[in-house]
Amino acid sequence: MEDVQNLHTHTKYDDGADTPEEIILTAVQKGFTSIGFSGHSYMHYAPEHSMSEEGTEEYKKDIQLLKQKYQNKIEIFCGLEFDMYSEIDLTGYDYLIGAVHYLLCGDKFVGFDRSAEVVKGVIDDYFAGSGIEYAKAYYKALSELPRYGDFDIIGHFDLITKHADNIKFFDETSREYKNAAIEAAEALSGKIPFFEVNTGAIARGYRKKPYPSAFLLKELKRLGFGAVIASDCHDRNMLDCGFAEAVNLLKNSGFKERYILTKQGFVPLSL
Ligand SMILES: [Zn+2]
Ligand SMILES: [Zn+2]
């Protein structure tokens, strides 16, 4: 694959294992022409999973310095993975990934990007044991993303299917589920231009296939979204995990191109 790029990368500034420089060196070694960092936006409701407020400033400075240091080797972009309820300044980034990892249930921020056991507890405690109600609440929240900022990329569109290979919290093939997902895609269409084929859950052993699932890929194509390929990297050894499979999935869903970020903005590349 030419012009390999990954815009979804976590570091020690949030919950990743590596420093930005370690990731850059790995990217250069693997033949990447560019790399983007997407630290988790500061979440007052989950500081242990995000960059701190001070850390965010250091992160920005660190990436700027690394851009200079490696300018002849690789192009570097400073982005952010914004969680919908983060209350932070969104200026000063090269690109923004918008994502939902928490549901606001009453006055509680409930994290569900967790183990299957935790998800089961969330469904029992907040959705009276109904997996489909949980799924519908997620897609309703996701469809509200554009209210919170001007995002470039929708992060892991169907994140709630993380455990679907092992446990059925809801029926992914049901009309009710599909409608909820499609309604979110329709609400986001024209407001956020790109979605990611996210291979992160493969890298971490949760799933065999990337997000989003096949039926959603077709809907996203129909609605005119552009695709980027990203690994949601938390470990530099997995920087390009599943990329070949992501290309095949896009082709099989009718996509002719994927997008990469350049200094001139996002540009399409043939698959
Ligand atoms: Zn995420
Ligand atoms: Zn991420």
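The exercises below deal with helix geometry, helix packing and residue environments in a predicted model.

Local features require pLDDT of at least 70 and side-chain atom pairs count only at pLDDT 80 or more, while totals for chains, interfaces and linings use all residues. Residues are numbered from 1 along each chain as its sequence is written, and chains are lettered from A and ligands numbered from 1 in the order in which they are written.

**Exercise 1. Find what span helix H4 should have, and which of its residues are buried.**

Step 1. Helices (H or I, at least four residues) and strands (E, at least two) are DSSP runs, numbered from the N terminus. H4 covers residues 131–143, which is 13 residues.

Step 2. The expected span of a helix is 1.5 Å times one less than its number of residues. For H4 this gives 18 Å, and the end C-alpha atoms are 19 Å apart, which agrees.

Step 3. A residue is buried if 20 or more other C-beta atoms, placed from the backbone, lie within 10 Å of its own; it is exposed if 12 or fewer do, and partly exposed in between. The buried residues of H4 are Tyr134, Ala135, Lys136, Ala137, Tyr138, Tyr139 and Leu142.

Step 4. The cover over these buried residues includes strand S5 (102–105), helix H3 (116–126) and helix H5 (175–188).

**Exercise 2. Describe how H5 packs against H4 and against H7.**

Step 1. Axes are lines fitted to C-alpha atoms, for helices over the stretch in contact, and angles run from 0 to 180 degrees between N-to-C directions. The axes of H4 and H5 come within 8 Å and cross at roughly 5°. H4 is therefore roughly parallel to H5, where angles under 35 degrees count as roughly parallel, over 145 as roughly antiparallel, 65 to 115 as roughly perpendicular and the rest as oblique.

Step 2. Two residues are in contact if their C-beta atoms, placed from the backbone, lie within 7 Å. H4 contributes Ile132, Ala135, Lys136, Tyr139, Leu142 and Ser143, and H5 contributes Glu176, Tyr177, Ala180, Ala181, Glu183, Ala184, Ala187 and Leu188.

Step 3. Ala, Val, Leu, Ile, Met, Phe, Trp, Tyr, Cys and Pro count as nonpolar, Asp, Glu, Lys and Arg as charged, and the others, Gly among them, as polar. The contact of H4 with H5 has ten nonpolar, one polar and three charged residues.

Step 4. For H5 and helix H7 (residues 214–222), the axes come within 10 Å and cross at roughly 30°. H5 is thus roughly parallel to H7. The crossing is right-handed, meaning that the near helix is turned clockwise from the far one by less than a right angle, whereas anticlockwise would be left-handed.

Step 5. Lys178, Ala181, Ile182 and Ala185 of H5 meet Phe215, Leu216, Glu219 and Leu220 of H7. Six of these residues are nonpolar, none polar and two charged.

**Exercise 3. Characterise the packing of H1 on H2, and the exposure of Glu21.**

Step 1. Helix H1 (residues 20–29) and helix H2 (residues 53–69) pack at about 35°, with their axes 10 Å apart. H1 passes H2 in a right-handed crossing.

Step 2. Pro20, Glu21 and Ile24 in H1 meet Asp62, Ile63 and Leu66 in H2. By class there are four nonpolar, no polar and two charged residues.

Step 3. Glu21 is partly exposed, because 15 other C-beta atoms lie within 10 Å. The C-alpha atoms of Glu21 and Lys69 are 9.9 Å apart, with their positions 48 residues apart along the chain.

**Exercise 4. Work out the surroundings of Asn198 and the backbone features found there.**

Step 1. Asn198 is in strand S8 (residues 194–198). With 29 other C-beta atoms within 10 Å, Asn198 is buried.

Step 2. Leaving aside neighbours within four places in sequence, Asn198 is in contact with His8, His156, Pro210, Tyr211, Ala230 and Asp232.

Step 3. Most residues other than glycine have a negative phi, and most peptide bonds are trans. His156 has a positive phi of about 20°, and phi of Asp232 is near 50°. A cis peptide bond joins Tyr211 and Pro212, with omega about -10°.

Step 4. His156 lies in the loop between strand S7 (153–154) and H5, and Asp232 in the loop between strand S9 (226–230) and helix H8 (243–252). His156 is buried, with 27 other C-beta atoms within 10 Å; Asp232 is buried, with 29.
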